[in-house]
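Please open the model in a viewer and keep the sequence panel at hand. The tour below proceeds by selection, with a note at each stop on what is found there.

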Amino acid sequence: SPLRAFEGELGVQQPVGFWDPLGLSANGDVEQFKRRREVEIKHGRVAMLACMGYITPEYFKFPGYLSPKMGLAFEDIPNGLAALTKVPGVGWGQIAAMIGTYELIIYKNTTGEPGNYGAGNLGLGILGPVKDPAVRQRKLNAEIANGRLAMMAIMGMFFQNGLTGSAWGDWALYTDSPLRAFEGELGVQQPVGF
């Protein structure tokens with residue numbers, strides 16, 4: 001039956017099992033499912049990199065200049081969403097060219113398996129493929145689960161940054177919070193507050 005067509009696929013994990021609340025795979029179309037799984041894996045990989053890219057500038061910034069012509073040093077780039085306004089137009093062009101190169105030239109899916117670009121373990125091409133099927137399935141399930149978590153995490157970081165104006169969500173800066181409406185009432189005491 002189409003409702004059970006994909007219950008044995010990678011990414012179907014306990015405690016939720018196969019979860020498709022919108023019924024996107026209810027028709028049982030295998031090609032459509034593979035395309036959506038490919039997109040999910042790509043988005044998960046990008047989200048994992050985005051989370052690391054969001055965290056890293058808090059601890060490390062390259063020395064030197066991002067744009068010597070503009071006098072823009074790496075240290076001048078703020079963390080979080082504010083960084084988007086500081087990247088020069090040529091930088092956005094370089095980012096688009098790199099993404100296009102990977103998407104259209106380097107990583108073409110010739111295996112027919114979603115997310116498998118023939119680059120082997122860790123996608124580096126130097127470690128070779130994971131040969132043991134049980135280990136491979138465990139690693140691929142972990143990648144899908146971590147990608148799903150990273151997609152939620154980066155969106156949470158964006159919302160937190162957008163609401164507080166701080167990359168790491170200094171909630172004291174979020175003065176529009178509906179939770180602040182009753183902070184001055186009787187019974188509001190430290191250390192808990194309202």
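## First stop: a side chain and a loop

Select N161 and L81: the side chain of N161 reaches the backbone nitrogen of L81 at 2.6 Å. The model is predicted, and this distance, like the others on the tour, is read from its coordinates.

N161 is found in helix α3. At 6% relative accessibility, N161 falls below the 20% cut-off and therefore counts as buried. Leaving aside residues up to four places away in sequence, N161 touches Y54, G80, L81, S166 and A167.

Now centre on L81, in the loop between β2 (72-73) and α2 (89-106). Is L81 buried, exposed or partly exposed? Because its relative accessibility is 30%, L81 counts as partly exposed. Its contacts, again without residues up to four places away in sequence, are Y54, F158, N161 and G162. Add Y54 to the selection: L81 and Y54 are 27 residues apart in sequence, and their C-alpha atoms are 9.0 Å apart in space.

## Second stop: the whole chain

Zoom out and colour by secondary structure. The protein has three helices and two strands, which follow the pattern α-β-β-α-α along the sequence. Of its 194 residues, 20% count as buried. Among contacts between residues at least 6 apart in sequence, 47% join residues at least 24 apart.

Next, colour by pLDDT. The mean for the protein is 81, and 88% of the residues reach 70 or more. Where pLDDT is low, the predicted coordinates should not be read in detail.

## Third stop: helix α1

Select residues 30-55, which form helix α1. At 1.5 Å a residue, its 26 residues should span 38 Å, and the end C-alpha atoms are 37 Å apart, so the two values agree. At the start of α1, a side-chain oxygen of D29 reaches to within 3.1 Å of the backbone nitrogen of E31.

Display the side chains of F33, R37, E38, I41, G44, A47, C51 and Y54, which are buried in α1. An α-helix has 3.6 residues a turn, so residues three or four places apart point the same way. The partner against which the buried residues of α1 pack is α3 (133-164).

## Fourth stop: helix α3

Select α3 and compare its ends. At 1.5 Å a residue, the 32 residues of α3 should span 46 Å; the end C-alpha atoms are 46 Å apart, so the expectation is met. At the start of α3, a side-chain oxygen of D132 reaches to within 3.3 Å of the backbone nitrogen of A134.

Which residues of α3 are buried? They are N141, I144, G147, A150, I154, M157, N161 and T164. These buried residues pack against α1.

Move to T164, also found in helix α3. At 6% relative accessibility, T164 counts as buried because the cut-off is 20%. A polar atom of the T164 side chain lies 2.8 Å from the backbone oxygen of Q160. α3 is followed by G165, whose phi is positive, near 80 degrees.

## Fifth stop: spaces in the model

Show the cavities. The structure holds two cavities of 30 Å³ or more, and the largest cavity has a volume of about 40 Å³. To find the largest cavity, select its lining: E40, I41, G44, R45, M48, E143, I144, G147, R148 and M151. α1 and α3 each supply at least two residues of this lining.

Then turn to the second largest pocket, with about 640 Å³ of space. α1 and α3 are the elements that give two or more residues to its lining. Of the 20 lining residues, W19, D20, R37, E40 and R148 lie nearest the centre of the pocket. The element that gives the most to this lining is α1, with four residues. E40 and R148 thus appear at both spaces: in the lining of the largest cavity and among the residues nearest the centre of the second largest pocket.

## Last stop: a cis peptide bond

Finally, select Q190 and P191. P191 is in the segment after α3. What is the peptide bond from Q190 to P191, cis or trans? The bond is cis, with omega near 10 degrees. Most residues other than glycine have a negative phi, and most peptide bonds are trans.

Methods. Residues are numbered from 1 along each chain as its sequence is written. Side-chain values use heavy atoms; hydrogens and water are left out. The expected span of a helix is 1.5 Å times one less than its number of residues. Buried means under 20% relative accessible area, exposed over 50%, partly exposed in between (1.4 Å probe, protein chains only). Contact means heavy atoms within 4.5 Å. A polar contact is a pair of N or O atoms within 3.5 Å; within protein, one must be able to donate a hydrogen and the other to accept it, and residues adjacent in sequence count only if both atoms are side-chain atoms. pLDDT is the predictor's confidence in each residue, from 0 to 100. On a 1 Å grid over the protein atoms alone, a cavity is a set of points where a 1.4 Å probe fits but cannot get out, and a pocket is an open set with protein on both sides within 12 Å along at least five of seven lines; lining residues have an atom within 4 Å of a point. Grid points are joined across faces, edges and corners, and a volume is the space filled by probe spheres set on the points.
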